[in-house]
Amino acid sequence: MEKLIKIFKKKKGFARMKELREAGIQTREIAEAIETKIIEKIKPGLYKLKDYPFDENESLVSVCKAKSSAVICLLSAAAFYELTTYNPKEIFVAVPHNTDKFRLAYPPLNVYYFIDKYYQHGIIVQDTKSGEIKIYNKEKTIIDLFRYKDKLGEDVFLESLKNYLRSKERKITKLSDMAGKFDLYKKMEPYIKGAM
């Protein structure tokens, strides 16, 4: 088991079946590690070391590891950037609209199937102590919250927008340009001016 644990530690707590097999770990050893709760199965072929010192972003990393096209979005992105005080009970994730059903046993997901126009723009990679996550940048997060304000609540959108505009890292030109790209600038402009 020590060899198996070393592999997981070297890979920041996550490993795929293929990597374990290549390192000479037998299937029965993996099954035994799951049974004794040393590792946990996230999805077929992807495992997580239970005792790894993950940070609060562990669930976000698990989702991104489970699906390479998954991008953290909406309420989960706003919470990650501390734009909102709302703490979602599930991970909000975007995938391309033609993606097959995406489910995980854990963590709970709220999957949005974005058309290419909305999926492709604003994706960045953030490094956390638990590993890398794909997430929309702050500007795209604000725009997506605006797009879904009727479904997710205008209050979360307004809180996130105000916190973004108060931030030293705000990029109003970038936000305006991106809103224009999605033909949303005129609709968003009164909110932006009202929040400043």
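Student: Why is Thr 99 called buried?

Tutor: In this predicted model, Thr 99 has a relative accessible area of 17%. Buried means under 20%, so Thr 99 counts as buried.

Student: Where does Thr 99 lie, and which residues does Thr 99 touch, leaving aside those up to four places away in sequence?

Tutor: Thr 99 belongs to the loop between β5 (91-96) and β6 (109-114). With that exclusion, Thr 99 touches Lys 67 and Tyr 113.

Student: What makes the pair Thr 99 and Pro 96 a polar contact?

Tutor: A polar atom of the Thr 99 side chain lies 2.6 Å from the backbone oxygen of Pro 96. The cut-off is 3.5 Å, and the value of 2.6 Å is within it.

Student: How do you know that Lys 117 and Asp 183 form a salt bridge?

Tutor: Their closest N and O atoms are 3.9 Å apart. A salt bridge requires a nitrogen within 4 Å of a carboxyl oxygen, so the pair qualifies. Lys 117 lies in helix α6 (residues 116-119) and Asp 183 in the loop between α10 (172-181) and α11 (185-195), so the salt bridge ties together parts that are 66 residues apart in sequence.

Student: Why is Asp 183 called exposed, and why is Lys 117 called partly exposed?

Tutor: Exposed means over 50%, and partly exposed lies between 20% and that value. Asp 183 has a relative accessibility of 61%, so Asp 183 is exposed. Lys 117 has 35%, so Lys 117 is partly exposed.

Conventions. Residues numbered from 1 in each chain as written. Predicted model: local features only at pLDDT ≥ 70, side-chain atom pairs only at ≥ 80, totals over all residues. Heavy atoms only, no water. Helix = DSSP H or I, 4+ residues; strand = E, 2+ residues; numbered from the N terminus. Buried < 20%, exposed > 50% of the residue type's maximum accessible area, 1.4 Å probe, protein only. Polar contact = N/O pair within 3.5 Å; in protein donor to acceptor, adjacent residues only side chain to side chain. Contact = heavy atoms within 4.5 Å. Salt bridge = Lys/Arg side-chain N within 4 Å of Asp/Glu carboxyl O.
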